[in-house]
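Me: Can you walk me through the charged pairs in this one? Keep it short, please.

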Amino acid sequence: MSTELRREKIVDSATQQFRNLLESRYLQILKAASDSFADDDNAVEPTCKVGVTVEWDAIAPSTKVAVKISWSAKFRDESDDIVDVEQLNIDLQPGGEAGPNGGA
């Protein structure tokens with residue numbers, strides 16, 4: 001089998017498998033995104049996110065083409081902090097003491 005024909009057959013197989021998986025799981029993917037949106041009044045419109053993995057043997061003349069999809073709603077959280085290593089190390093204890101033993 002020529003390299004070009006093999007490439008075409010592998011791509012066709014992977015594409016069709018992905019299409020079948022996406023069509024069969026579409027409602028579950030949509031529900032996952034919608035469920036994440038339902039309990040949050042401040043959330044923006046939900047986003048469906050699907051990841052695809054395709055595997056096949058690179059050398060064998062006859063190969064199994066495996067396609068996997070994973071999905072989730074898009075969640076976002078963020079935080080930031082400034083770390084200044086030049087700043088003095090200050091132990092903030094109640095009562096203004098430097099530590100539990102009065103700085104000793």
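Me: How many salt bridges does the structure hold?
Reply: It holds three salt bridges. A salt bridge here is a side-chain nitrogen of Lys or Arg within 4 Å of a carboxyl oxygen of Asp or Glu.

Me: What kind of model is this?
Reply: It is a predicted model, where local features need pLDDT of at least 70, side-chain atom pairs count only at pLDDT 80 or more, and totals for chains, interfaces and linings use all residues. Residues are numbered from 1 along each chain as its sequence is written, and side-chain values use heavy atoms, with hydrogens and water left out.

Me: OK. Which residue pairs with Glu4?
Reply: Arg7 does, and their closest N and O atoms are 2.3 Å apart.

Me: Where do those two sit?
Reply: Both are in helix α1 (residues 3–38). They are three residues apart, so about one helical turn separates them. Helices are DSSP runs of H or I, at least four residues, numbered from the N terminus.

Me: How exposed is Glu4?
Reply: Glu4 is partly exposed, at 49% relative accessible area. Partly exposed lies between buried (under 20%) and exposed (over 50%), using a 1.4 Å probe and protein chains only. Arg7 is partly exposed too, at 46%.

Me: Next one. What does Glu23 meet in a salt bridge?
Reply: The side chain of Arg19, at 3.2 Å, N to O. These two are four residues apart in helix α1, so about one helical turn separates them.

Me: And what about Asp35?
Reply: Its side chain meets that of Lys31 in a salt bridge, at 2.7 Å, N to O. Asp35 is partly exposed, with 41% relative accessibility.
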